[in-house]
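Visitor: Could you walk me through how to read a few features of this model?
Guide: Happily; let us look at it together.

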Amino acid sequence: MEANLPLIWAGIILFGIMMYIIMDGFDLGIGILYPFFSDRHDRDVMMNTVAPVWDGNETWLVLGGAGLLAAFPQAYSIILSALYLPLIFMLMALIFRGVAFEFRFKARDHERHFWDKAFIGGSMTATFFQGVTLGAYIRGIPAVNGVYTGGALDWLTPFSLFTGVGLLATYALLGSTWLVMKTSGDLQATCYRLSRVLGLVLLAIIAIISLWTPFIDSRIAARWFGPDMWTLLPIPLLVLFCFYQLQRALARKAEVWPFVFTLGLVFLGYVGLGISVWPNIVPPDISIQAASAPPQSQGFALVGAVVIIPIILIYTAWGYYVFRGKVHAGEGYH
Amino acid sequence: MSVLALDLARIQFGFTISFHIVFPAITIGMASYLAVLEGLWLKTKQAHYLELYRYWSRIFALTFGMGVVSGLVMAYQFGTNWSGFSNYAGSVTGPLLAYEVLTAFFLEAGFLGVMLFGWNKVGPGLHFVSTLMVAVGTLISATWILASNSWMHTPQGVALVDGRLIPVDWWQIVFNPSFPYRLMHMVVAAYLATALLVVAVGAWHLLRGTATKAVRTMFSMGMWMALLVAPVQAVIGDFHGLNTLEYQPAKIAAIEGHWENKPGEATPLILFGWPDMAAEKTHFALEIPHLGSLVLRHSWDAPIPALKEFAPEDRPNATIVFWSFRIMVGLGMLMILLGVVSAWLRWRGRLYDTKPFLRFALCMGPAGVLAILAGWYTTEIGRQPWVVYGMLRTADAVTPHSAAEVGLTLVLFVVVYLLVFGAGVAYLLRLMRVAPQPDETPASTPDLEEDHVFTLAPEFSADKPGSTEGGR
């Protein structure tokens, strides 16, 4: 049997990006939430809940880039040249927040505020431009013969700015429910309150994007409101269900469930966007098949992916297991 | 695509990779050093090994963090700035990069958390395994990225179909002719650069009169490394050079500043001079007759290729590579000297208290890093005007952005990198300025470094408020 390599690779990359959104989502979210907490020890605890895992989380982003280059080099070169500026801004922002993990603890007291700001600004800017990138991607990238044909600022649209803000709320909710799970006391109480508001905001954003995208492209409208409408209906219903369960879990002060239902919401939103774009890899015109690397490349890399990704998942899970439980003030190696 | 935009894109790539390459090089060497230290501690239970482990793991963590964020930029820059290259060769370099991420980056990141934060969470055996995994990860990473880079220098195992490369034989692609030499040369360079840093920090503390067991041990370990490995590196470098002569003769001609061969005449070795690309000659050349033939051909009068044998548009910039090569070799010779003197002083029992030698060792601290940069400039600028040697020109690889776009991002990169990595290096130096402390326990407090820093730097102690809450 001939394996459908492009399809499998699209699946792997979609999985990698989803892992990235979920995992780096909550640690970027912690940076976004920093302004709500001014106490130094609270901030130490917040950072220490993710310090042992953040760079593993960010590695999924590198896998996204490398996987795209390996399996769909044409898509990689079109998308990355089209989204040049927002991607560069995102990478620079990630530099600031990435070094803040180390620098903040090495800084003297009077310098620390600078790295706090770097962490906040870096997390927010990186998230915002990831959202902008996502929005611009969904809107579509014009290309002829494998070369991007748009302008330098085509990515800047009301829709992409909105998805930028939307992703800020998404990551903030992931971060606050993560902190509900990992912290205790006043810090946790604040996170409960924040999560309830952020949950509402996220629901509103999902609703607006769901109503906005069909106007961008008639094919997206046809997909959701055409003959498949009843097959796809469970997705919005599940969104409502997760939202309801999230608010209930927050109300009864559950510690793990709020994070779980937030994951559910994010996952459903991601699937929804995927359905809108499928089967294109560079919307609106270039399909997964058309942008594929030759089978020699996809096959060679697939062997590694199939063998190694499960191993990665196992030791990543082990890492999370080692650092399970609440984080308290004064912990950490620094 | 204007010439200006191309130059700006090249400067941007050179700038970002020059910063990036330093951090992984140090993490490669440092991760292995930490694994050795932890192994020795587990075996002997001598406290100073653990002391050194904790000391260098802080420096390692800082370096690693900077390597991660600067490396992320590289992974995306191939597409943002060099989409012609990604489109043309992505089906070859992409899978190699994907393997690097899968087999190395995840391994390093996955076990780094336990290595740095897991002392109280896992047993010593499992902790040691974590350190080993990080060390192995850095070496696997070096292997893949150098396979990819070497393939760009000596491409093979591919076919050109519809303007894009198709991999035909992965074995040939990975084990391309320059790969073994480049890999060995780079990994050994990383070890040497790290050893020189360790030695310099040891020398600094010895000069300040802090001759604890830990300080003497790190100084001694680093010196053994310099003594044994610096000469080996020279031999590997010679083999690498002969390999380059075979596959990239224009690069060798540029390195030697050698313009033309007269019939029957041996090639001299130009020690110093100023290669002039426009005038097609090397000014002020200080030559040793026959030595070029001897070194590169191992013969009395066989000539080496000369630059004029290549069309002007196919010549790399000899002015730059002539000098970057000599800087690398000069620093390498100083490293060999350092190792040899250390052996003599060790034999005389004066290794730890010969002040001029300690000062020499201190000055050599950055030499390894500088040599790595000089070597990279030599090999990469020497590959020009090609990105994939003989197949794809740099001018055809670049993304057609406007000069304004590339200029804007270049300025941002320069500002951000100088600020962030400048601060990072300042923090590194601050950590190194403090001697390893014997009383450190696994659950050390967040303020530990600060307290120790100020015992050595009284002029700054006014900066330190007694108990200040953060978040101001």
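**Helix packing, burial and contacts**

Guide: Helix α6(B) passes α7(B) in a left-handed crossing, where left-handed has the near helix turned anticlockwise from the far one by less than a right angle, and right-handed clockwise. Helices are DSSP runs of H or I with at least four residues, strands E runs of at least two, numbered from the N terminus. This is a predicted model, where local features need pLDDT of at least 70, side-chain atom pairs count only at pLDDT 80 or more, and totals for chains, interfaces and linings use all residues. Residues are numbered from 1 along each chain as its sequence is written, while chains are lettered from A and ligands numbered from 1 in the order in which they are written.

Visitor: At what angle do α6 and α7 of chain B pack?
Guide: Axes are lines fitted to C-alpha atoms, for helices over the stretch in contact, and angles run from 0 to 180 degrees between N-to-C directions. Here α6 (residues 179-207) and α7 (residues 213-247) of chain B pack at about 150°, with axes 8 Å apart. They are therefore roughly antiparallel (over 145 degrees).

Visitor: Which residues of α4(A) are buried?
Guide: Buried means 20 or more other C-beta atoms within 10 Å of a residue's own, with C-beta atoms placed from the backbone. In α4(A), residues 73-82, 10 of the 10 residues are buried, so this helix is largely enclosed by the rest of the structure. Among them are A:Pro73, A:Tyr76 and A:Leu80.

Visitor: How many residues of chain B are in contact with chain A?
Guide: Contact means C-beta atoms, placed from the backbone, within 7 Å. By that rule, 65 residues of chain B are in contact with 69 of chain A. Helix α3(B) gives the most to chain B's side, with 22 residues.

Technical notes
Parallel < 35°, antiparallel > 145°, perpendicular 65-115°, else oblique. Buried ≥ 20, exposed ≤ 12 C-beta atoms within 10 Å, placed from the backbone. Contact = placed C-beta atoms within 7 Å.
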